[in-house]
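Here's a quick briefing to read with the model open in your viewer. Have a look first, then work through the points by topic.

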Amino acid sequence: MSLPNPHPREPVPYRYGIAERLYLPLFVGLWVTLKHFVRNLLAGGGKTTIQYPEQRRAYSHRFRGHHILTSRPDGSLRCVACFLCAQACPAECINIEAGEHPDVNIEKYPTVYEIDMLRCVFCGYCVDACPEEAIIMSNNYDMAYFNRDQSVVGKDDLQRPFVIDPSRLGYRPDYPEERVAAHGLDLVAEARRRQEKGPAAAAG
Ligand code: SF4
Ligand code: SF4
């Protein structure tokens with residue numbers, strides 16, 4: 001018994017229409033390109049291109065850009081070399097070597113902390129995994145390298161964006177500015193104030 005709609009075994013050659021034989025779809029594409037070119041050339045506003053790097057787009061403050069290793073007030077890295085970020089990293093691009101910290105209250109610190117930026121997929125899992133808020137991300141997307149070695153950034157490079165431009169923070173566990181904008185007050189400061197005032201204030 002033969003199937004009602006047998007799968008075609010022989011490929012059916014595509015038949016070009018008159019318009020395709022005359023290359024008309026090509027001219028339609030060229031017209032769209034020319035239209036956008038002239039509009040960008042003449043229009044004062046409404047341009048879709050920007051003059052990077054002089055001009056920059058205002059990305060979300062949750063943008064996942066170049067990583068930042070955060071510091072303690074004394075300038076030392078907050079990282080305790082627990083390897084949780086390296087375990088969570090799907091691209092396996094974090095390399096950590098741990099050393100014994102001179103302070104007995106801090107068990108370990110990273111003697112080596114490297115991220116291979118060309119392997120990184122900027123998922124932010126390392127930020128989510130970190131129990132110390134020792135790694136966050138910035139809004140910095142200026143990542144260009146002359147050779148493969150430069151793309152493996154170490155501790156110095158990972159601390160630098162925080163020092164250069166703290167206003168360009170990106171994905172991180174806490175967004176104080178968002179909290180204030182959403183509620184009209186800093187919830188943490190408000191909770192502390194109520195705690196200091198006692199149970200009556202907390203109930204009110
Ligand atoms: S952002 Fe994602 S891929 Fe990049 S280092 Fe962190 S966990 Fe790995
Ligand atoms: S998870 Fe945080 S503390 Fe642990 S190794 Fe990574 S950056 Fe350091």
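**Briefing: one chain, two ligands**

Thr70 counts as partly exposed, because it has 17 C-beta neighbours inside 10 Å. Keep in mind that this is a predicted model. Thr70 sits in the loop between strand 1 and helix 3, and its C-alpha atom is 9.4 Å from that of Glu132, a residue 62 places away along the chain.

**Overall layout**

- The protein has eight helices and five strands.
- Going along the sequence, you'll meet them as α-α-β-α-β-β-α-β-β-α-α-α-α.
- Of the 204 residues in the protein, 13% are buried.
- If you take the contacts between residues at least 6 apart in sequence, 70% of them join residues at least 24 apart.

**Around the two ligands**

- Ligand 1 is surrounded by 14 residues, and the closest are Cys89, Cys120, Cys123, Tyr125 and Cys126.
- Sorted by class, the ligand 1 shell holds 13 nonpolar residues, one polar residue and no charged ones.
- Ligand 2 has 13 residues around it, with Cys79, Cys82, Leu84, Cys85 and Cys130 as the closest.
- The ligand 2 shell breaks down into 12 nonpolar residues, no polar ones and one charged residue.

**The nonpolar core**

- In soluble globular proteins, nonpolar side chains tend to be buried together.
- The largest nonpolar core here has 19 residues, and those touching the most other members are Leu69, Cys126, Val127, Cys130, Ile135 and Ile136.
- At least two residues of this core come from each of strand 1, strand 3, helix 4 (125-129) and strand 4 (135-137).
- Strand 4 gives the largest share of this core, with three residues.
- Two names turn up again from the ligand shells: Cys126 is among the closest residues to ligand 1, and Cys130 is among the closest to ligand 2.
- What does Leu69 touch, once its neighbours within four places in sequence are set aside? Leu69 is in contact with Leu77, Cys79, Tyr113, Ala134, Ile135, Lys155, Leu158 and Gln159.
- One of those contacts of Leu69 is Cys79, which is also listed with the closest residues to ligand 2.

**The sheet**

- Three strands make an open sheet, ordered 2-3-5, with antiparallel pairing.
- Strand 2 (94-100) and strand 5 (152-153) are the edges: each has a single partner strand, so one side of each has no neighbour in the sheet.
- Strands of a sheet pair through backbone hydrogen bonds, in either a parallel or an antiparallel sense.
- Strand 2 and strand 3 run antiparallel and are joined by seven bridges. For a spot to check, Ala98 has Pro110 in strand 3 as its bridge partner.
- Strand 3 (residues 108-116) also pairs with strand 5, again antiparallel, over two bridges. Here Ile115 is matched with Val153 in strand 5.

**Helix 2**

- Helix 2 has 19 residues, so at 1.5 Å a residue it should span 27 Å; the end C-alpha atoms are 27 Å apart, which agrees.
- Is helix 2 largely in the open or buried? Of its 19 residues, the number buried is zero, so helix 2 lies largely in the open.

**Backbone oddities to check**

- The peptide bond joining Tyr52 and Pro53 is cis, with omega at about 10°. Pro53 belongs to the loop between helix 2 (24-42) and strand 1 (67-69).
- Tyr23 has a positive phi, near 60°, and is not a glycine. You'll find Tyr23 in the loop between helix 1 (18-21) and helix 2.
- Ala81 is another residue other than glycine with a positive phi, near 55°. Ala81 is in the loop between strand 1 and helix 3 (84-88).
- Which of these is buried and which exposed? Tyr23 is exposed, because 10 other C-beta atoms lie within 10 Å, whereas Ala81 is buried, because it has 23 within 10 Å.

Methods:
Residues are numbered from 1 along each chain as its sequence is written. Chains are lettered from A and ligands numbered from 1 in the order in which they are written. This is a predicted model: local features need pLDDT of at least 70, side-chain atom pairs count only at pLDDT 80 or more; totals for chains, interfaces and linings use all residues. A residue is near a molecule or strand if its C-beta atom, placed from the backbone, lies within 6 Å of it. Ala, Val, Leu, Ile, Met, Phe, Trp, Tyr, Cys and Pro count as nonpolar, Asp, Glu, Lys and Arg as charged, and the others, Gly among them, as polar. Helices (H or I, at least four residues) and strands (E, at least two) are DSSP runs, numbered from the N terminus. A residue is buried if 20 or more other C-beta atoms lie within 10 Å of its own, exposed if 12 or fewer, and partly exposed in between; C-beta atoms are placed from the backbone. Two strands pair if DSSP finds at least two bridges between them. Two residues are in contact if their C-beta atoms, placed from the backbone, lie within 7 Å. The expected span of a helix is 1.5 Å times one less than its number of residues. A nonpolar core is a set of buried Ala, Val, Leu, Ile, Met, Phe, Trp, Tyr and Cys residues joined through C-beta atoms within 7 Å.
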